[in-house]
Amino acid sequence: MISYAITDPSTLDFNHLKRDLKRFSQKASMIVYRDKSDVSKHGAAFVQAAKMFDFEKVIIHGDPSLAKAAGADGVHLSSLQLDEIADAKAMHLFVVVSTHTIDELKKAEALGADMATFSPIFETPNKGVPVGLEVLKSMTSQVDLPVLALGGILTEEQIKACERSGASGFASIRYFGA
């Protein structure tokens, strides 16, 4: 099962980056750095430090060119960036895409994304009404693309429930930040 840690400036202390990444590496198989205000500010430092740990993939959010220049394994694109999948793949990046509907999921698959998050599964702050496990099960059954459950995942039981619903893994901010 894939465990994908989503980090941002609120979950990482760049004065103690290696300490924080070590903590994440104990639970996460993949990690992404997301900074909606300016991912370029710490993106390269994040990639360099994260590569010292045993993550399967080190990913930058939102900027394929920065991900490539920083030496990241991949890029995580928002659902508004689906049209950038081909460019990211041409840069030989692993591409994860955020999705919230079956149409977005199918489009991400058709355009060649390697993986998608689907959210929100459970209650989570500021992310709208959770879709629940039955919808997750329906989504995963309609595509061959690996789907990571995202949204409100805080416990081992929730992780297991997502796996039983067909998810290839899960992504979280708060689960890994605790």
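Tutor: Two strands pair if DSSP finds at least two bridges between them, and helices (H or I, at least four residues) and strands (E, at least two) are DSSP runs, numbered from the N terminus. This is a predicted model, in which local features need pLDDT of at least 70 and side-chain atom pairs count only at pLDDT 80 or more, whereas totals for chains, interfaces and linings use all residues. Residues are numbered from 1 along each chain as its sequence is written, and side-chain values use heavy atoms, with hydrogens and water left out.

Student: Over how many bridges do strand E3 and strand E4 pair?

Tutor: Strands of a sheet pair through backbone hydrogen bonds, either parallel or antiparallel. One position to look at is isoleucine 59, whose bridge partner in E4 is glycine 74. Strand E3 (residues 57-61) and strand E4 (residues 74-77) pair in the parallel sense, and the number of bridges is three.

Student: By what angle are neighbouring strands of this sheet turned against each other on average?

Tutor: The sheet is a closed barrel of eight strands with parallel pairing, running E1-E2-E3-E4-E5-E6-E7-E8. With direction ignored, the average turn between its neighbouring strands is 25°.

Student: Which helix packs on the sheet and touches strand E5, strand E6 and strand E7?

Tutor: Contact means heavy atoms within 4.5 Å, while axes are lines fitted to C-alpha atoms, for helices over the stretch in contact, with angles from 0 to 180 degrees between N-to-C directions. The helix spans residues 102-110, and its direction makes about 165° with that of E5 (94-99). The other strands that it touches are E6 (115-118) and E7 (147-150), and the helix is H5.

Student: Are the residues of E1 buried or exposed?

Tutor: Buried means under 20% relative accessible area, exposed over 50%, and partly exposed in between (1.4 Å probe, protein chains only). Ile2, Tyr4 and Ile6 point one way from E1, whereas Ser3, Ala5 and Thr7 point the other way. E1 is largely enclosed by the rest of the structure, because six of its six residues are buried.

Student: What is the handedness of the β-α-β crossover from E1 through H1 to E2?

Tutor: On one side, four bridges join E1 to the parallel strand E8 (residues 169-172), with serine 3 opposite phenylalanine 170. Four bridges also join E1 to E2, again in parallel, and alanine 5 has isoleucine 31 as its bridge partner there. The chain crosses between E1 and E2 through H1, and this crossover is right-handed. By definition, with the strands pointing away from the viewer, a path from the first strand over the helix to the second that runs clockwise is called right-handed.

Student: Which helix gives the most residues to the largest nonpolar core?

Tutor: A nonpolar core is a set of buried Ala, Val, Leu, Ile, Met, Phe, Trp, Tyr and Cys residues joined through side-chain atoms within 4.5 Å. The largest one has 48 residues, of which Ile31, Phe46 and Ile60 touch the most other members. Four of the core residues come from the helix that gives the most, residues 43-50, which is H2.

Student: How many residues are in the other core, which lies apart from the largest one?

Tutor: Leaving aside neighbours within four places in sequence, isoleucine 60 of the largest core is in contact with residues including Val32, Phe46, Leu66 and Val75. The other core includes Tyr4, Val96, Leu148 and Ala171, and its number of residues is twelve.

Student: How far apart are the closest N and O atoms of arginine 34 and aspartate 8?

Tutor: A salt bridge is a side-chain nitrogen of Lys or Arg within 4 Å of a carboxyl oxygen of Asp or Glu, and by this rule the count comes to eight. Arginine 34 forms such a bridge with aspartate 8, linking the loop between strand E2 (30-33) and H2 to the loop between strand E1 (2-7) and helix H1 (17-25), 26 residues apart. Both arginine 34 and aspartate 8 are buried, and their closest N and O atoms are separated by 4.0 Å.

Student: Does aspartate 83, which forms a salt bridge with lysine 107, count as buried or exposed?

Tutor: The closest N and O atoms of this pair are 3.4 Å apart. Aspartate 83 lies in the loop between E4 and helix H4 (85-90) and lysine 107 in helix H5, so the pair ties together parts that are 24 residues apart in sequence. Lysine 107 is partly exposed at 37% relative accessibility, whereas aspartate 83, at 62%, counts as exposed.
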